[in-house]
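Student: Could you take me through one part of this protein up close? I'd like the sheet, and then whatever cysteine links go with the chain.

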Amino acid sequence: MPHTRRQLASPAKPPVTNDLGIIIDARRQSLQDPGNQLRARGHRLTVRPTAAPYEGAVPRPYDQGRVGTPDQSDSEGSDVKRHLTVLLALLVGLLVVSAPAHAGPAAGAGALTPPVPQPALSPTPYMGWNTYYALGGDPTEAEVKSIADFLVSSGLRDAGYEYVWIDGNWAAPTPRSKAGDLVANPDQFPNGLKPLVDYIHAKGLKAGIYTDAGPYIPGKCGLGSHGYYQRDADQFAAWEFDAVKVDYLCGIAADLDPKTVFTEFAQALRNNASGRPMIFNLCNPVTSPDWGNYPEEQQSTYSWTYAPAIAQSWRTYTDVGFVGEIKFKDVLRNYDANARHPEVAGPGHFNDPDYLGPELGMTAEEFRTQMTLWSVAAAPLVIGSDVRKLSQASLGILADRDVLAINQDTAGVQAVRVGPGGQTETWVKRLANGDRAVVLLNRGDSPTNLTTKASAVGLSGDRFTLKNAWTNQITESAGTISAAVPAHGAALFRVGPAKGKPGVPHVVAGLPQVTQVGGDAVPAGVAPVVAGGDDARVEVTVRNDGAQPVFTPRVELKVPVDWTARPLGKAPKLLRSGHSATYAFTVTLPATAKPGGTVLTAMTSYQVIGDGRLRQETATAVVVAPAAPDGDVVLSHHQWISATSAWMSPTVDLSVGGGSPISLVGQVHSTGIGVASPSSVRYYLGDRCSRLTATVGIDDAVRNVGPEGGTSTFQVIGDGRMLFDSGVLTRDDIRQADIDLTGVRVLDLVVGDAGDGGYNDRADWAGLNATC
């Protein structure tokens, strides 16, 4: 039975000081939590695992240049200190390979030479590929070999993606032999696992495997190592695996203590009979309230208190998606949760926000943003998609050398946020040579220019070199770090002191931005909508953040065929350092403009002394709305502009997922839209409609899942104005809505999670009858 997702309540955001004493907030203001990840597949669970610990993971003291401990409340602060003290105390016993036992010298013969700690098993975040999101349950030997071949032929192996990780559902239906050994499913792995591992190694790759810290529970939990930790660790080592991901699905089903069982498994890995080093990826995806109401110490958000002493990586939240689906909103949710405790990350031990998801539901821009965030987070980079099916654009994002260099920086520092959280944010990561990796993040739905100061990211001076990690453009700034950032995008710079002759001035050519449609302002952060016959104001802002002026700056706006763009005002003769100019255009659409997505492109040019005339091209996607409804219509049958659902996709005339009709407190409705919270459905009305009626509530399908969850809010918003608000509804409530649509151009139907997470929130807009 599928499960919807929950959202996590906003944690407090204590300030963190960076290495220069600057106050930085390492946490997001609000965290959306994920959904229940237990996925039944017959008598087994299709699970999505993570990795495991090893003795090389040594937590570092707060050395100069590291992010400091959060300045929390006295109780939380003392907890943090206590946990860190425990980590350091465990360092010798758990993480350092001891010197061989030998007889000590006679009294007075001199002091013993202290044992030399072994280097960290994974000093920088490991990189690879995992079967779960791409292949789901039941991966096969042939598929894994094919992926290994592609990692080599595509260049991904040489870029650093060396681990080929077999996730859940590799074991036989009865996972152990009579002797107690784990057995691979002969239908999937007819030759067993050892020949497959040998094949992977022959390709210059490494192999990873999956298990669970809990017990095997027939009919409920498909693979568990509890009671067999040493036997399984020895078997994985004998098969010559290089990494083990240890999940906690069976563990939570058996109500085990994660710290205890993960620590025991870590010890078994360290003591494996072959003496083989194996990465330990600790995967506890349990989160509340999305999984239910669990004690704090059983949740993934507690792993940071013990995992750095026993693991190379530990999951910091629940799964970032479902098999075959990773959405941008969940990428942001997991990144925010992962950012809570940057102070415990370092060489050999890293926070893990889960896997990379190119082409599993994100746009290319959104995936580039995920890659940016994971890289500055010093997160393991494990690809979740079927790499054989990826476009060259996605492969290029995965293999970008400058971005990977930031992720693999030897300092192992995790980025922290500078300044407040919100639609736009700045994140900074200190690099080993003293440079900073700076992210300008735009969570909003429209493009914007973002800036920060070099001093805000811990740099001093009056000249700075900025290298754009994605474009490779190198410019010089007088102290401002800035970029034009598209919707759901992120700019990534490597910033350091400038030396020698002055460089090319850092000029930001803005993205075309629709600021008005038909004379009405478009709210900041909201995706603009245009329609046939509209006049729109489009602006392009050009900034000069270099130390030298630039001359005769010009902007030309390119629009689709049959559209017109008329410039407004005159261009300046020069743009001084620290100044900007905004170029405005009136763009007119023909009445026959084709609905769908299109692009506005700005060509910006300017003269630089000694470098000639330089040019930049920027582009923004724009949505052209479908025709407005006409007459008495069922709105769910009309073409929407966009529609989102936390779980699966919005479903027309059925409960979300499509498995049952829309039913509210026992009454079946023949028309409407089924969604899971949070959700937003947008329609273009074009000032053509006068009334909307609907019945809203929680679908009766939640009663088949369980008593938990099933609370939502329903809002109808017209052109940014609230037209209807249901308040909090439970599974036993409905609301009738009768809404005046006069003058409304764009209508948004918004479902929220009522502040308690989205678990089991299957919400319905029933009826949706519009008069137009």
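**The open sheet and the disulfides**

Tutor: Sure, and keep in mind that this is a predicted model. The sheet is an open one built from 8 strands, paired in parallel and ordered 15-12-11-10-9-6-5-16. Strand 15 (350–352) and strand 16 (381–383) sit at its edges with a single partner strand each, so one side of each has no neighbour in the sheet. On average, neighbouring strands here are turned by 25 degrees against each other, ignoring direction. If you zoom in on strand 15, you'll find it running parallel to strand 12 (residues 313–315), with 3 bridges joining the two. One pairing to look for is Arg315 with its bridge partner Asp352 in strand 15.

Now for the cysteines: the structure has 2 disulfides. Cys221 is bonded to Cys250, S to S 1.6 Å. Cys221 lies in the loop between strand 9 (206–212) and helix 6 (229–238), while Cys250 belongs to helix 7 (residues 249–253), so the bond ties together parts 29 residues apart in sequence. The torsion about that S-S bond is about -90 degrees, which makes the disulfide left-handed. Cys221 is buried at 2% relative accessibility, and Cys250 is buried with 2% as well.

The other link joins Cys689 and Cys772, with sulfur atoms 2.0 Å apart. Cys689 is in the loop between strand 42 (679–684) and strand 43 (691–698), and Cys772 is in the segment after strand 48 (762–771), 83 residues apart. This link of Cys689 and Cys772 is right-handed, at 95 degrees about the S-S bond. Cys689 is buried too, at 4% relative accessibility.

Note on methods. Residues numbered from 1 in each chain as written. Predicted model: local features only at pLDDT ≥ 70, side-chain atom pairs only at ≥ 80, totals over all residues. Heavy atoms only, no water. Pairing = 2+ DSSP bridges. Helix = DSSP H or I, 4+ residues; strand = E, 2+ residues; numbered from the N terminus. Axes fitted to C-alpha atoms, helices over the stretch in contact; angles between N-to-C directions. Disulfide = S-S within 2.5 Å. Buried < 20%, exposed > 50% of the residue type's maximum accessible area, 1.4 Å probe, protein only.
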